[in-house]
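Subject: Structure handover and findings

Hello,

Please find the sequence and structure below. My notes on what was found follow directly after.

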Amino acid sequence: MRPIYLDNNATTRVAPEVLETMLPYFDRLYGNPSSMHFFGGQVARKIREARAQVAALIGAQPEEILFTSCGTESDNAAIRSALAANPQKRHIVTSRVEHPAIRALCAHLAGEGYRVTELPVDSEGRMDMHLYERSLTRDTAVVSLMWANNETGVLFPVQRAAELARERGIPLHTDAVQAVGKIPIAMQANAINMLSISGHKLHAPKGVGVLYVRKGTRFSPFLIGGHQEKERRGGTENTPGIIGLGKACELAAQNMETENTRVKQLRDKLENELLARIPSSRVNGDRSQRLPNTTNISFEFVEGEGILLMMDEFGICASSGSACTSGSLQPSHVLRAMGVPFTMAHGSIRFSLSIYNTEEEIDLVIDKLPPIIEKLRSLSPFWKRGQAVCQGS
Ligand code: PLP
């Protein structure tokens with residue numbers, strides 16, 4: 001069965017052009033880019049090209065691009081580096097809705113004696129900028145705020161947050177794993193110090209990431225070893241992955257327009273039709289400040305896992321909560337932070353699209369999902385009780 005893949009915030013298909021670019025670097029051009037001979041030199045040149053391609057996508061300079069193994073490593077490296085650069089400061093500002101790559105790290109650092117402020121969000125997943133400003137103190141070593149939320153797609157005003165941090169001499173890191181390739185990013189025109197990217201979220205393979213480090217930002221390496229990445233990240237490079245990521249960034253720049261027109265239109269059609277056809281459903285998160293590809297919809301009084309299982313029979317792939325939290329029946333920390341009512345949070349599904357989705361696929365989901373919800377509700381004692389209460393009142 002061909003999947004109808006609407007789970008692109010979990011991971012994406014490697015673009016055919018990316019795969020084609022990578023393949024020679026597994027078997028024919030397998031040299032080590034650090035080697036002195038011509039065979040390694042040609043790989044080193046291709047890595048330089050990839051660095052320039054990544055830099056071009058986010059308006060950075062190639063020297064500011066540091067290749068890592070994934071978004072999680074980039075996030076860890078950024079925070080650890082900022083703390084090492086300011087050892088006398090013991091305070092970290094972040095939010096309650098960050099990905100575990102930041103949240104779990106901050107919880108770990110709290111165990112080491114750091115003070116962590118996790119900023120709350122409102123019912124739409126938005127951050128309060130006054131609260132943010134008030135949280136910055138003389139003791140703050142680093143701010144880490146995600147650019148786009150992986151579960152709801154809601155965008156944080158990270159550029160404004162970075163300006164406010166810079167005025168106080170505090171570096172700001174942003175986890176832009178879900179934002180890069182979907183919305184325009186211009187590092188030359190903002191005050192953000194560090195930014196994380198993950199290859200597998202933008203049609204490059206898994207196992208490659210980037211940490212952007214602004215020129216002039218004090219940086220202390222996370223992985224200490226060889227001289228690779230100008231001694232900022234030891235370890236022989238994942239050459240096919242890096243070269244693939246470079247190509248993926250070039251494609252992302254070309255596809256940005258499609259992402260914000262056709263993909264957005266498909267997302268809006270899916271969202272509007274499901275809301276119209278399914279009673280007691282709602283969108284989680286600020287619909288006006290959101291990624292173009294993501295919608296998180298709650299269907300009251302049903303279990304997200306039940307919906308996923310029944311959609312699976314039609315080959316429809318989506319997520320309940322984030323990919324990293326599915327498997328646990330707790331509503332996601334993001335929906336809890338937004339105060340989404342329990343009966344709604346349990347039945348939340350994230351649909352995340354890509355340029356490879358078609359209108360036929362969206363129409364099929366619009367057709368298949370309403371009867372699935374109706375069937376699950378017919379089995380739910382909570383739904384029956386809820387309906388009785390409504391009719392009685
Ligand atoms: N940050 C965000 C917002 C994510 O969505 C993810 C992955 O889901 C990560 C970080 C982790 O990236 P990686 O899977 O490359 O470690």
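D122 and R126 form a salt bridge in this predicted model, and their closest N and O atoms are 3.0 Å apart. Neither residue is fully out in the open: D122 is partly exposed at 30% relative accessibility, and R126 is partly exposed as well, with a relative accessible area of 37%. The pair does not stand alone, since D122, R126 and D286 are linked in a network of salt bridges. Over the model, the count comes to 21 salt bridges.

Two other salt bridges are set within helices. In helix α7, which runs over residues 158-167, the side chains of R160 and E163 meet with an N to O distance of 2.9 Å. R160 and E163 are 3 residues apart, or about one turn of the helix. R160 has a relative accessibility of 40% and so counts as partly exposed; E163, at 38%, also counts as partly exposed.

The second case is in helix α9, residues 239-277. There the side chains of K264 and D268 form a salt bridge at 3.5 Å, N to O. K264 and D268 are 4 residues apart in helix α9, so about one helical turn separates them. K264 is partly exposed at 34% relative accessibility. D268 has 22%, and because buried means under 20%, D268 still counts as partly exposed.

On to the ligand. How many residues surround the ligand, and which are the closest? The number is 13, and the closest are G71, T72, D175, S198 and K201. By class, the shell around the ligand divides into 3 nonpolar, 7 polar and 3 charged residues. Helix α4, residues 71-85, supplies the largest share of that shell, with 3 residues.

For setting up the site, these are the side-chain distances to oxygen atoms of the ligand:

- S198: a polar side-chain atom lies 2.6 Å from an oxygen atom of the ligand.
- H200: the distance from a polar side-chain atom to a ligand oxygen is 3.0 Å.
- H99: a polar side-chain atom is 3.3 Å from an oxygen atom of the ligand.

On its own, the ligand has 390 Å² of accessible area, and the protein covers 90% of that.

Next, the backbone. Where does a residue other than glycine have a positive phi? One such residue is E231, with phi near 65°. Another is K230, which is not a glycine and has a positive phi of about 50°. These values were picked out because most residues other than glycine have a negative phi. K230 lies in helix α8, residues 228-231, and E231 lies in helix α8 too. Is K230 buried or exposed? K230 counts as exposed, because its relative accessibility is 66% and the cut-off for exposed is over 50%. E231 passes that cut-off as well, so with 56% relative accessibility E231 counts as exposed.

There is also a nonpolar patch on the surface. L19, L23 and F26 make up this patch, which has an area of about 300 Å². F26 lies in helix α2, residues 24-27. With a relative accessible area of 51%, F26 is exposed; the cut-off is over 50%, so F26 qualifies with little to spare.

Last, a pair that is distant in sequence. P371 lies in helix α13, which covers residues 359-378, and is partly exposed with a relative accessible area of 45%. P371 and R277 are 94 residues apart in sequence, and their C-alpha atoms are 9.7 Å apart in space. R277 falls within the residue range of helix α9, 239-277, the helix that also holds K264 and D268.

To recap the items to look at: the network of D122, R126 and D286, the shell of 13 residues around the ligand, the positive phi values of K230 and E231, and the nonpolar patch of L19, L23 and F26.

Regards

Terms used. Residues are numbered from 1 along each chain as its sequence is written. This is a predicted model: local features need pLDDT of at least 70, side-chain atom pairs count only at pLDDT 80 or more; totals for chains, interfaces and linings use all residues. Side-chain values use heavy atoms; hydrogens and water are left out. Patches are made of residues with over 30% relative accessible area and no salt bridge: like charges are joined within 9 Å, nonpolar side chains (Val, Leu, Ile, Met, Phe, Trp, Tyr) within 5 Å. Accessible areas come from the Shrake-Rupley method with a 1.4 Å probe; for residues, only the protein chains shown count as cover. A salt bridge is a side-chain nitrogen of Lys or Arg within 4 Å of a carboxyl oxygen of Asp or Glu. Buried means under 20% relative accessible area, exposed over 50%, partly exposed in between (1.4 Å probe, protein chains only). A residue is near a molecule or strand if one of its heavy atoms lies within 4 Å of it. A polar contact is a pair of N or O atoms within 3.5 Å; within protein, one must be able to donate a hydrogen and the other to accept it, and residues adjacent in sequence count only if both atoms are side-chain atoms. Ala, Val, Leu, Ile, Met, Phe, Trp, Tyr, Cys and Pro count as nonpolar, Asp, Glu, Lys and Arg as charged, and the others, Gly among them, as polar.
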